[in-house]
Amino acid sequence: MTADHLREKNIMRADFNKTNELLKEINAALQVSLEEVEEKYLKRESKPEDIQMITELKAMLTERDQVIKKLIEDNKFYQLELVNRETNFNKVFNSSPTVGVINPLAKVSVRCMCMSSRNMTTGVSITHCCVPCNSPKDVLLRVKLPQWLLQIPSARSGLPGTSRSER
C-alpha cells in the first residue's frame, strides 16, 4: 500500500504542477490582455458630445475673459475720469475743499431785502416785507405785494402777512 500510495502521490503532484503551470500561463496572458485594454482605454477617441461640450465651454470661457477684461478697463477709465473731474473741479472752484463744516442745525441769519430797497427807492412806503427783518427800531417791516401775486396759493402760503385775515 505504501508503494501504491507513493505512486498515486507522485501522479497527483505532477498533475498539480501541470495545473499550476497552466494557471501561471493563463495569468500571464490575462495580465498582458489587461495592459493592452488599459492602453487602449487611455488612447480611446472622445465622444462627439464630449468634444462639442468642450468647445462650448472654451467659447464661454473666452467670452467671459473678454467681459472681465472690458470691465477692468472700464473701471480704470472711470477711476481716471473721476480723478480728472475732481482735479478740474478743484482748480475751478477751490483747491482745498472743506468738507463737513456746515451745521444744519444752526440758525441762518437772513438779511432783509427791503432795507436795501428802502434806501434805493424814494417815496415808496414799505408796509410788508417778504422775510422778517430787524430795523434799527426792531420793527417788522413788510414789502407791499401786488394783488395778482397774492392770488396764487403757493405764493400766499409761504409769505408772512398774506393770510386771508391780513388782507
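I began with Phe-77 and noted that this residue is partly exposed, with a relative accessible area of 48%. I keep in mind throughout that I am reading a predicted model, and that every value below is computed from it.

**Entry: aromatic pairs**

I then looked up the ring partners and found that the structure holds two aromatic pairs. In one of them Phe-77 meets Tyr-78, with the ring centres 5.3 Å apart and 65° between the planes; I recorded this pair as edge-to-face because the angle is over 60 degrees. Tyr-78 is exposed, and I wrote down a relative accessible area of 55% for this residue. The pair of Phe-89 and Phe-93 is tilted, at 4.6 Å centre to centre and with 45° between the planes. Here I noted that Phe-89 is partly exposed at 49% relative accessible area, whereas Phe-93 counts as exposed at 59%. The value for Phe-89 lies under the 50% cut-off, so I kept the label partly exposed for that ring.

**Entry: a charge over a ring**

Still with aromatic side chains, I looked up what lies over the face of Tyr-41, and the residue I found there is Arg-44, at 4.1 Å from the ring centre.

**Entry: salt bridges**

I turned next to charged side chains, bearing in mind that side chains of opposite charge can pair when their charged atoms come close. The count comes to four salt bridges, and I followed some of them residue by residue.

In helix H1, I found Asp-4 in a salt bridge with Arg-7, the closest N and O atoms being 2.5 Å apart. These two residues are three apart in helix H1, which means a separation of about one helical turn. I noted Asp-4 as partly exposed, with a relative accessible area of 44%.

In helix H2, which spans residues 48-92, I looked at Asp-74 and Lys-70, four residues apart and about one turn of the helix from each other. Their side chains meet in a salt bridge with an N to O distance of 3.0 Å. For the cover on either side of this bridge I recorded 27% relative accessibility for Asp-74, which counts as partly exposed, and 51% for Lys-70, which counts as exposed. Since 51% is over the 50% cut-off, I took the label exposed for Lys-70 as it stands.

Helix H2 also holds Arg-85 and Glu-81, likewise four residues apart and separated by about one helical turn, and I found their side chains joined in a salt bridge at 2.9 Å from N to O. Arg-85 counts as exposed at 58% relative accessibility, whereas Glu-81 is partly exposed at 25%.

**Entry: a nonpolar patch**

Which residues make the nonpolar surface patch of about 390 Å²? I listed Leu-22, Leu-23, Ile-26 and Leu-30 as its members. I looked more closely at Leu-23, which has its place in helix H1, covering residues 2-42. Leu-23 is exposed, with a relative accessible area of 52%, and this value is over the 30% that a patch member needs, so its place in the patch agrees with its accessibility.

**Entry: the whole chain**

Last, I stepped back to the protein as a whole and counted five helices and zero strands, the elements running α-α-α-α-α from the N terminus on. How much of the protein is buried? I found that buried residues make up 8% of the 167 residues. For the surface I noted about 15700 Å² exposed, with carbon and sulfur atoms supplying 60% of this area. I also looked up the contacts with a separation of 6 or more, and residues 24 or more positions apart account for 13% of them.

Definitions and conventions:
Residues are numbered from 1 along each chain as its sequence is written. This is a predicted model: local features need pLDDT of at least 70, side-chain atom pairs count only at pLDDT 80 or more; totals for chains, interfaces and linings use all residues. Side-chain values use heavy atoms; hydrogens and water are left out. Patches are made of residues with over 30% relative accessible area and no salt bridge: like charges are joined within 9 Å, nonpolar side chains (Val, Leu, Ile, Met, Phe, Trp, Tyr) within 5 Å. Accessible areas come from the Shrake-Rupley method with a 1.4 Å probe; for residues, only the protein chains shown count as cover. Buried means under 20% relative accessible area, exposed over 50%, partly exposed in between (1.4 Å probe, protein chains only). Contact means heavy atoms within 4.5 Å. Rings of Phe, Tyr and Trp (its six-membered ring) pair if their centres lie within 6.5 Å; planes under 30 degrees apart count as stacked, over 60 as edge-to-face and the rest as tilted. A charge sits over a ring if NZ of Lys or CZ of Arg is within 6 Å of the ring centre and within 35 degrees of the ring normal.
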